[in-house]
Amino acid sequence: MIGRHPGSLLKELDLDKKQFLELVGLAAELKLARREGTERPRLTGKNIALVFEKNSTRTRCAFEVAAHDQGAHVSYLGPEGSHLGREESVRDTARVLGRMYDGIEFRGFRQDSVEELADYAGVPVWNGLTESWHPTQMLADILTMHELHDGPIEEISFCFLGDGHNNVARSLLITGALLGMDVRIAAPVELQPPADVVAQAHRLAETSGARILVTDDAERAVRGAEFVYTDVWVSMGEPAEQWRRRISLLLPYRVTAELMEATGCRSMFLHCLPSLHDRRTELGAELHDQFGLDGIEVTNEVFESERSVVFDQAENRMHTIKAVLVAALAG
């Protein structure tokens, strides 16, 4: 085993609070420089491999644009573009790519895969998403909330509603606990975050001062929340048969105009995207025909409202990923 490079980011707890906020601050600086036309490339001559077991829009584009803006080159290896895990082991792929590239992004299924890549590559490895954690999304989410909140990070309150067992909900819970925020997860009991993740969040809160709430009561959870966050109810790779069960379980956690009003404040809406908020996708149309819902995890009324900042959030994926690349590779 070669050993993990200190520039790797595999899960949120690879960072302490100071390091996390330094990356958010660097992202804000890079965002301003890009906007003002004063950005200075710091990654000229660097080569980055993008390894995708799962397809993506935002993650792929964010890494590619971030790297190009900074003068680096990328190679995209899609779901059918490498032997990873089929004809070649993860550790062998890691040892090959590590000799050719300065850094590797991985977006896939098992957390073990990205961990093994990092153990054997000898270069920084970044988790673009696994079934367990989504750290680059968290950096973008915190940058977005920080931009829209006047006070310190610790004063921010946010509520995630929906499938609390998925990677985004887990990551939000741990990130909020790490940073000392007011974080609420509203989900049916059988879809709440794993017990070990909740326990870890409470341990972090003892140090950070975070306020943690995991509940099946949606109205209680959103009360006073400055940000309301949701995600799709069935993730990529899960069987389509899950839809009937998830809809029956999660309909009380659907983000509607009424639920936004239940916050009692001028809360903003967040979503990591893609979203099934109308019938303009094949899946959205199919689910409407099957279940009579126009919009699944969120209504179009909320998604398209002035309180929705989902596209600011999506843009911030690129700025925060750029910060991760610069921090790891710019020396």
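In this predicted model, strands β1 and β2 pair in the parallel sense over five bridges. Within this pairing, A49 stands opposite S75 of β2. The two strands belong to an open sheet of four, ordered β2-β1-β3-β4, with parallel pairing. β2 and β4 are the edge strands, each pairing on one side only. From one strand to the next, the twist averages 20°.

Helices lie across this sheet. Helix α3 (residues 90–100) lies across β1, β2 and β3. The angle between α3 and β1 is about 155°. Helix α13 lies across β1 and β4. Against β4, α13 runs at about 165°.

Helix α2 spans residues 58–69, twelve in number. From first to last C-alpha, α2 reaches 16 Å, close to the 16 Å expected at 1.5 Å a residue. Its buried residues are T59, A62, F63, E64, A66 and A67. The cover over these buried residues includes the four strands β1 (47–52), β2 (73–77), β3 (103–107) and β4, together with helices α5 (135–148) and α13 (310–329). After α2 comes G71, with a positive phi near 90°.

The largest nonpolar core holds 60 residues. F20, I48, W126, L173, M181, I212 and L325 touch the most other members. Leaving out residues up to four places away in sequence, I212 touches L173, A177, V183, A201, H202 and A205. Another core, of 29 residues, lies apart from the largest one. Its members include W233, V234, Y253 and V310.

Two individual positions illustrate the packing around helix α6 and strand β7. T175 sits in helix α6 (residues 167–179). With a relative accessible area of 1%, T175 is buried. Beyond four places in sequence, T175 is in contact with E12, F20, M138 and I142. F20 also appears among the core residues that touch the most other members.

V214 sits in strand β7 (residues 211–215). Its relative accessible area is 26%, so V214 counts as partly exposed. Outside four places in sequence, V214 is in contact with L173, I185, Q192, P193 and V198. L173 is likewise touched by I212. The C-alpha atoms of V214 and A186 are separated by 6.1 Å, although the two residues are 28 apart along the chain.

The backbone shows several unusual local conformations. Most residues other than glycine have a negative phi, and most peptide bonds are trans. L129 has a positive phi of about 155° and is not a glycine. This residue lies in strand β4 (residues 125–129). L129 is buried, at 8% relative accessible area. L273 also has a positive phi, of about 65°, and is not a glycine. The position of L273 is in the loop between β9 and α11. At 13% relative accessibility, L273 is buried, because the cut-off for buried is under 20%.

The peptide bond from L273 to P274 is cis, with omega near 0°. P274 lies in the loop between β9 (268–271) and α11 (282–291). L273 thus takes part in a cis bond and carries a positive phi.

Methods
Residues are numbered from 1 along each chain as its sequence is written. This is a predicted model: local features need pLDDT of at least 70, side-chain atom pairs count only at pLDDT 80 or more; totals for chains, interfaces and linings use all residues. Side-chain values use heavy atoms; hydrogens and water are left out. Buried means under 20% relative accessible area, exposed over 50%, partly exposed in between (1.4 Å probe, protein chains only). Contact means heavy atoms within 4.5 Å. The expected span of a helix is 1.5 Å times one less than its number of residues. A nonpolar core is a set of buried Ala, Val, Leu, Ile, Met, Phe, Trp, Tyr and Cys residues joined through side-chain atoms within 4.5 Å. Two strands pair if DSSP finds at least two bridges between them. Axes are lines fitted to C-alpha atoms, for helices over the stretch in contact, and angles run from 0 to 180 degrees between N-to-C directions.
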